[in-house]
Amino acid sequence: QVQLVESGGGLVQAGGSLRLSCAASGRADSSYGMGWFRQASGKEREFVAGIIWSGRYTNYADSVKGRFTISRDNAKNTVYLQMNSLKPEDTAVYYCAVQRGRYSATISRRRDDYAYWGQGTQVTVSS
């Protein structure tokens with residue numbers, strides 16, 4: 001069984017910052033890559049950022065590159081998403097997810113490559 005619990009969402013003004021956390025427990029240990037996705041109202045869930053199991057490699061959607069930073073603390077089994085210079089278009093429910101396959105050196109942007117998902121945390125950016 002895998003449990004993912006996101007936190008840190010909220011309401012922020014444009015230009016502000018938020019830090020999301022995703023605490024993993026159960027079978028989602030530090031040998032798995034992790035990803036952040038988001039889903040805005042009326043839109044499909046999209047990839048935001050990913051990080052491999054060791055934290056050495058990361059990957060970002062073009063829309064957030066240079067503004068968001070994904071990181072992980074394997075001792076705490078927690079993944080973070082630092083979001084700076086937020087824009088109204090960043091408004092969405094943000095989900096963390098566990099990528100399939102242990103010790104993978106690649107980061108997938110496909111939702112189907114992620115086996116477990118958190119319940120999501122709402123991020124709202126006002127203009």
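Which residue forms a salt bridge with Lys65? In this predicted model, the partner is Asp62, and the closest N and O atoms of the two residues are 3.2 Å apart. Lys65 has a relative accessible area of 49% and is therefore partly exposed, because the exposed class begins only over 50%. Asp62, with a relative accessibility of 62%, counts as exposed.

This pair belongs to a wider set, as a search of the whole structure finds seven salt bridges. As general background, side chains of opposite charge can pair when their charged atoms come close. Another of these contacts brings together the side chains of Asp112 and Arg110, with an N to O distance of 3.9 Å. Here Asp112 is exposed, at a relative accessible area of 56%, while Arg110 is partly exposed at 48%.

A further salt bridge has a buried member. Arg38 pairs with Glu46, and their closest N and O atoms are 2.7 Å apart. The relative accessibility of Arg38 is 6%, so this residue counts as buried, given that buried means under 20%. Glu46, by contrast, is partly exposed at 36%. The two residues do not stand alone: a network of salt bridges links Arg38 and Glu46 with Arg67 and Asp90.

Attention now turns to the covalent link. A disulfide is, in general terms, a covalent bond between the sulfur atoms of two cysteines. The structure holds one such bond, and it joins Cys22 to Cys96 with an S to S distance of 2.0 Å. The link is right-handed, with 55 degrees about the S-S bond. Cys22 sits in strand 3 (residues 18-26) and Cys96 in strand 9 (residues 92-102), so the disulfide ties together parts that are 74 residues apart in sequence. Both cysteines, Cys22 and Cys96, are buried.

Strand 9, the home of Cys96, also has several pairing partners. Strand 4 (residues 32-39) runs antiparallel to strand 9 and is joined to it by seven bridges. Within this pairing, Met34 stands opposite Val98 of strand 9. Val98 has a bridge partner in strand 10 as well, namely Tyr116. Strand 10 (residues 114-117) pairs with strand 9 over three bridges, again in the antiparallel sense. Strand 11 (residues 121-126) is likewise antiparallel to strand 9, and three bridges join the two. One of the positions involved is Tyr94, whose bridge partner in strand 11 is Thr121. A helpful general point when viewing these strands is that, in a regular strand, the side chains alternate between the two faces of the sheet.

The surroundings of Cys22 lead on to another residue, Thr78, which touches Cys22. Thr78 lies in strand 8 (residues 78-83). With a relative accessible area of 11%, Thr78 is buried, because that value falls in the class under 20%. Leaving aside residues up to four places away in sequence, Thr78 touches Ser21, Cys22 and Ala23, together with Ser71, Arg72 and Asp73. The side chain of Thr78 also reaches the backbone oxygen of Lys76, at 2.9 Å. Thr78 thus touches one of the two cysteines that the disulfide joins.

Key. Residues are numbered from 1 along each chain as its sequence is written. This is a predicted model: local features need pLDDT of at least 70, side-chain atom pairs count only at pLDDT 80 or more; totals for chains, interfaces and linings use all residues. Side-chain values use heavy atoms; hydrogens and water are left out. Helices (H or I, at least four residues) and strands (E, at least two) are DSSP runs, numbered from the N terminus. Buried means under 20% relative accessible area, exposed over 50%, partly exposed in between (1.4 Å probe, protein chains only). A polar contact is a pair of N or O atoms within 3.5 Å; within protein, one must be able to donate a hydrogen and the other to accept it, and residues adjacent in sequence count only if both atoms are side-chain atoms. Contact means heavy atoms within 4.5 Å. A disulfide is a pair of cysteine sulfur atoms within 2.5 Å. Two strands pair if DSSP finds at least two bridges between them. A salt bridge is a side-chain nitrogen of Lys or Arg within 4 Å of a carboxyl oxygen of Asp or Glu.
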